[in-house]
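Biologist: I should like a close look at a single part of this model, namely the surroundings of its first ligand. Please set that part in the context of the other ligands, the domains and the backbone.

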Amino acid sequence: MSKRLYIQTVGCQMNVLDSELVAADLLRAGYELVDSPRKADTILFNTCSVRQHAEDKIYSALGRLKRIKDRHPQKIVGVLGCMAQKDRQGIFHRAPHVDLVVGPGQLGRLPALLERIAAGEGPLLEVSLDRNAGNRVSVQQSFERHDPLRIAETRPTPYQAMVRIMFGCDKFCTYCVVPSVRGPEQSRPAEEIEAEVRGLADQGCLEVTLLGQTVNSYRDDRGRKLRLADLLLRLDAVEGLRRLKFVTNHPRHVSDELLQAVRDLPKVSPYLHVPAQSGSDRILRRMKRGYTAEAYREMLCRIRETIPEVAITSDFIVGFPGETDEDFDRTIALLREGRFKNSFIFKYSPRPKTKAVELYADDVPDEVKRRRNNELLAIQNAISLRDNQPLVGRSVEILVEGPSKAGRKQPDNGHVVQLGGRTVDDRIVVFDGPPRLAGQILAVEIEKVDAFTLFGRIR
Ligand code: SAH
Ligand code: SF4
Ligand code: F3S
């Protein structure tokens with residue numbers, strides 16, 4: 001059987017990492033990667049359920065595949081990840097041409113599962129237990145951990161990598177599907193993480209982003225109790241590594257020790273993503289976020305007092321059930337005061353089996369959600385622009401990622417292209433230069449900015 005693999009990923013960075021690890025396993029099993037479903041023998045979708053839109057995208061991509069599968073029945077179609085865990089058997093009903101459904105807790109079994117399908121078994125379904133289907137330990141064990149050896153070929157760039165330090169989530173924000181599709185919160189042992197980061201640095205990786213749904217509630221309680229600040233201290237010492245980031249923080253676990261570690265450790269980026277979600281206490285309570293707007297503001301002050309040069313980013317949900325104009329005004333006020341470098345703004349999307357769906361009607365009309373979304377975006381864009389402006393005329397240090405995604409096509413001579421890179425506080429910088437600069441850390445002088453991008457020149 002020829003083994004050409006196409007894998008499409010939607011969702012958060014956790015999913016991007018999972019796809020990388022799946023691809024690495026399959027390359028080791030003799031597969032090669034191709035860039036379209038038509039060229040592939042095995043077509044995998046790594047899916048997200050966080051909003052309806054993410055699911056619709058995958059179901060329509062699956063629909064489009066039906067004709068290809070009808071003509072080439074030997075092609076294997078698999079659905080992986082969060083939507084696999086959520087919809088399970090339902091995926092075969094909606095898309096009968098799917099051969100394989102695998103939850104995020106069974107990804108390590110993929111090479112073997114694909115072999116069974118190629119041998120004529122199937123369709124196959126492998127998912128974890130529901131969170132209420134057993135005691136904590138058995139549910140936890142049904143989300144099998146899978147962090148195999150890393151290879152540079154399957155990463156977006158060889159000099160950047162994500163490393164999982166936590167799995168799952170126990171917060172159960174009422175709108176959110178993640179705790180049910182990713183399972184109970186579990187932290188990886190610190191020495192395992194350290195070994196992985198050392199291995200990456202040995203491969204030439206300069207920047208590591210630590211991942212967890214609530215990354216700052218990391219805890220390794222075997223022996224001496226370790227928290228994220230302790231882990232950062234250990235990783236900061238890894239030779240060859242230049243930059244360390246971590247996402248996503250929960251406002252309730254932003255400890256002074258963590259902020260001091262970010263301030264004092266030279267490799268840790270002065271950058272914190274700490275979603276607020278809303279500025280109204282009534283809505284925050286309904287969301288079960290576990291803090292008030294006042295507590296969030298105090299946290300922002302603490303962050304800025306400890307790390308004056310910090311860049312803070314946030315997420316907001318608009319149109320949560322019961323959100324009035326007055327609640328929304330409080331969110332605007334928090335967004336303005338927060339002076340976030342950037343905010344991701346989402347329209348509330350009711351998710352089946354979440355508490356919010358059980359308790360509250362989705363009563364904010366879509367048109368109002370859209371208007372609030374646009375209004376917040378416009379305010380945030382103005383803030384982001386103002387935040388970038390002082391950088392004009394200054395020199396910033398960036399890690400060059402490679403040809404810029406939004407960039408122009410290669411010019412004729414091919415020697416100079418538009419390159420993209422990131423500052424230590426996660427700002428995107430584009431500039432002209434030879435492609436060989438990819439993977440270097442260098443200084444760029446900023447000439448112009450907009451709300452999202454800095455435009456610069458190598459000195
Ligand atoms: N663990 C992270 C990210 C979770 S998902 C955290 O706790 O912040 C990323 C973002 O999607 C969330 O921060 C939230 O703003 C948004 N989100 C989650 N569920 C949603 C829903 N049902 N509708 C709209 N946005 C949602
Ligand atoms: Fe979802 Fe809340 Fe957990 Fe984030 S903290 S993953 S929003 S339940
Ligand atoms: Fe989506 Fe799963 Fe991430 S639901 S946001 S891919 S954890």
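Modeller: The account below begins with conventions, turns to the ligand, and then moves outward.

Residues are numbered from 1 along each chain as its sequence is written, and chains are lettered from A and ligands numbered from 1 in the order in which they are written. The model is predicted, with local features requiring pLDDT of at least 70, side-chain atom pairs counted only at pLDDT 80 or more, and totals for chains, interfaces and linings using all residues; side-chain values use heavy atoms, with hydrogens and water left out.

Ligand 1 is surrounded by 15 residues, of which Arg 51, Gln 213, Gln 277, Asp 315 and Ser 349 are the closest; a residue counts as near a molecule or strand if one of its heavy atoms lies within 4 Å of it. By class, this shell comprises six nonpolar, four polar and five charged residues. In that scheme Ala, Val, Leu, Ile, Met, Phe, Trp, Tyr, Cys and Pro are nonpolar, Asp, Glu, Lys and Arg are charged, and the others, Gly among them, are polar.

Polar contacts are pairs of N or O atoms within 3.5 Å; within protein, one atom must be able to donate a hydrogen and the other to accept it, and residues adjacent in sequence count only if both atoms are side-chain atoms. The side chain of Arg 51 places an N or O atom 3.0 Å from an oxygen atom of ligand 1. Gln 213 contributes a polar backbone atom, 2.7 Å from a nitrogen atom of the ligand. At Asp 315, a polar side-chain atom is 2.6 Å from an oxygen atom of ligand 1. On its own, ligand 1 has 540 Å² of accessible area, and the protein covers 90% of this; such areas come from the Shrake-Rupley method with a 1.4 Å probe, and for residues only the protein chains shown count as cover. The elements giving two or more residues to the shell are β15 (311-318) and β16 (342-347). Helices (H or I, at least four residues) and strands (E, at least two) are DSSP runs numbered from the N terminus.

Gln 213 also appears among the residues around ligand 2, which include Cys 169, Cys 173, Cys 176 and Arg 289. That shell has seven nonpolar, three polar and two charged residues. Around ligand 3, the residues again include Gln 213, together with Cys 12, Cys 48, Cys 82 and Arg 182. Its shell is made up of four nonpolar, four polar and one charged residues.

The domain assignment, whose bounds come from an automatic or database source, gives domain 1 (4-142), domain 2 (152-389) and domain 3 (392-458). Between domain 1 and domain 2 the C-alpha centres are 27 Å apart, and their contact takes 26 residues from domain 1 and 28 residues from domain 2, where contact means heavy atoms within 4.5 Å.

Some backbone features complete the picture. Lys 353 lies in the loop between β16 and α14 (355-359) and has a positive phi of about 70 degrees, although it is not a glycine. Its relative accessible area is 71%, so Lys 353 is exposed; the class requires over 50%, buried means under 20%, and partly exposed lies in between (1.4 Å probe, protein chains only). Arg 339, in the loop between α13 (325-338) and β16, likewise has a positive phi, near 45 degrees. A cis peptide bond, with omega about 0 degrees, joins Val 247 and Thr 248.
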